[in-house]
Amino acid sequence: MIEDREPIRVALLGCGTVGTEVVRLLQEYPTEYAARTGAPVRVTGVAVRRPHKHPDVPEQLLTTDAAALVEGSADVVVELIGGIEPARSLLLAALRAGKSVVTANKALLAEHGSELYAAADANGVDIYFEAAVAGAIPLLRPLRESLAGDRINRVTGIVNGTSNYILSAMDSTGAGYEETLEEAGRLGYAEADPTADVDGFDAASKAAILASLAFHTRVGAGDVHREGISGIGAGDIEAARSLNRTVKLLAICERVFDEDGTESVSARVHPAMIPRDHPLAGVGGAFNAVFVEAESAGQLMFYGQGAGGAPTASAVLGDLVAAARNVVVSGKGPRESAHAQLPARSMDWTPTRYHISLDVADRPGVLSQVAATFNEHDVSISVVRQQGRGADASLVVVTHTAADSALRATVEQIARLSSVNEVASVMRVEGEPS
């Protein structure tokens, strides 16, 4: 009988919204988790800073001594603290003590993933982290297991719900960034300090994890080019709409080839205009979605709730079941795959496209001056459109693909032309042939 087997002992570090749901579900459905795992699953301790703040957790489970909990008799340590320290030290201690680890800590994985993987391998235990990138969405396991026999060429994702809510609301209401951010805070979609979300730090950590898995290469947070959405205004949203596009904060990870065939990995996070018929364009509110392009499987879409207590707990518990099963059968889960060892590509040499809006003088020769500047930097123009007259004269240019450094140099030189009053906006364009 499963109930008669030695239980799998679980130590939980941190018990916020997600941790509380993990404890609740394990206590509410013990028979189901035992059947899925092959042995009873029992929480033996929950480390928190302020025990009195957790009335829903049995008092006998609560402790403020996380280190002692890790050093104890647990078989699996679940980390939901977040941040780098003390999470890093605690997880390394757990792995070195022969305990498997489940974590939702994207920042830790992006900065110290290789150290954690090495410790797991050296001690014959597992590290699972499905909840680190897209909440409830089953994404990382398909990338590193289901698609292990395929070649992934590109991963494009909306992986931050706060930024997506803001941009979606700006698109639907026509409101500006600041007022939409304020509304997101009132509704609980934005933290009191939204920097990690709106400046792209959260998405960049997730991009590093996605690129590492997709391309079998160690990609760290420092390898990811990052731009946020705080500079996006209502005018940018309207400009996108006029071209039948919408603006999204995208995490883009792709293989890039030089003319001589040398391969590298580009990982970047930035706002971009995408066509309204692109699968990611319809992802609204605080939802997440990731679009995967593989050589044999083709195009795949993963969509769902990217945050929240219950959705994220679902992913954590899926990992916990997998880790516990391996404890029961003395098996091992998938290991780190970094055999490709591809170099990270600088954003300067990453091919991309720009949408550029210029306020220009209403006089002959403006277009030829601007076009000559593009030609000087070997950047070709895909679309050009003149609008208005007099003080309202403007010029909109969409480029073909070129190295990002060439595009930036072009914009900088255009800004110095006597016929250009202002470079009103610059935004990258993704999701359609160049």
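Does R408 count as buried, partly exposed or exposed, and at what relative accessibility? In this predicted model, R408 counts as partly exposed, at 32% relative accessibility. The side chain of R408 meets that of D348 in a salt bridge, with 2.1 Å from N to O. R408 belongs to helix α15, whereas D348 lies in the loop between α13 and β13. The two residues are 60 apart in the chain. D348 is also partly exposed, at 30%.

This bridge is part of a network. Salt bridges with shared partners join E227, D348, D404, R408 and R428. Within the network, E227 and R428 meet at 2.9 Å, N to O. E227 sits in the loop between β8 (225-226) and α12 (234-242), and R428 sits in strand β18, so the bridge ties together parts 201 residues apart in sequence. R428 is buried, with 6% relative accessibility. E227 is partly exposed, with a relative accessible area of 27%.

Helix α15 spans residues 404-414, and 8 of its 11 residues are buried, so the helix is largely enclosed by the rest of the structure. Among the buried residues are D404, L407, V411 and I414. The buried residues of α15 pack against several elements, including helix α14 (366-376) and strands β14 (354-360), β16 (394-399) and β18 (420-429).

The domain assignment divides the chain into three parts. Domain 1 covers 2-135 + 309-329, domain 2 covers 141-305, and domain 3 covers 350-429. The C-alpha centres of domain 1 and domain 2 are 28 Å apart. Their contact involves 18 residues from domain 1 and 17 residues from domain 2. Between them, the two domains bury about 1,300 Å², and 60% of this area is on carbon and sulfur atoms. On the domain 1 side, K106, A110 and V133 lose the most area to domain 2. Together they account for 40% of what that side buries.

Charged pairs also cross this interface. The rule finds 2 salt bridges between domain 1 and domain 2. K106 forms a salt bridge with D202, and their closest N and O atoms are 3.2 Å apart. R141 and D319 form a salt bridge at 2.8 Å, N to O. R141 is in helix α7 (residues 140-146) and D319 is in helix α13 (residues 309-329), 178 residues apart. D319 is buried, with a relative accessible area of 1%. R141 is partly exposed, at 27%. In the whole structure the count of salt bridges comes to 30.

Aromatic rings form 3 pairs. The ring centres of Y117 and F129 are 6.1 Å apart and the planes meet at 40°, so this pair is tilted. Y117 lies in helix α5 (residues 106-123), and F129 lies in the loop between β6 (127-128) and α6 (131-134). Both Y117 and F129 are buried. F287 and Y303 make a stacked pair, with 5.3 Å between centres and 5° between planes. F287 is in strand β11 (residues 287-294) and Y303 is in strand β12 (residues 298-305), 16 residues apart. F287 is partly exposed, at 32%. Y303 is partly exposed too, at 48%.

Arginines also sit over aromatic rings. R36 lies over the face of Y33, 5.3 Å from the ring centre. The charged end of R226 is placed over the ring of F201, 3.7 Å from its centre.

Notes:
Residues numbered from 1 in each chain as written. Predicted model: local features only at pLDDT ≥ 70, side-chain atom pairs only at ≥ 80, totals over all residues. Heavy atoms only, no water. Phe/Tyr/Trp six-rings, centres within 6.5 Å; stacked < 30°, edge-to-face > 60°. Helix = DSSP H or I, 4+ residues; strand = E, 2+ residues; numbered from the N terminus. Buried < 20%, exposed > 50% of the residue type's maximum accessible area, 1.4 Å probe, protein only. Lys NZ or Arg CZ within 6 Å of the ring centre and 35° of its normal. Domains from an automatic or database assignment. Contact = heavy atoms within 4.5 Å. Buried area = accessible area lost by both parts, 1.4 Å probe. Salt bridge = Lys/Arg side-chain N within 4 Å of Asp/Glu carboxyl O.
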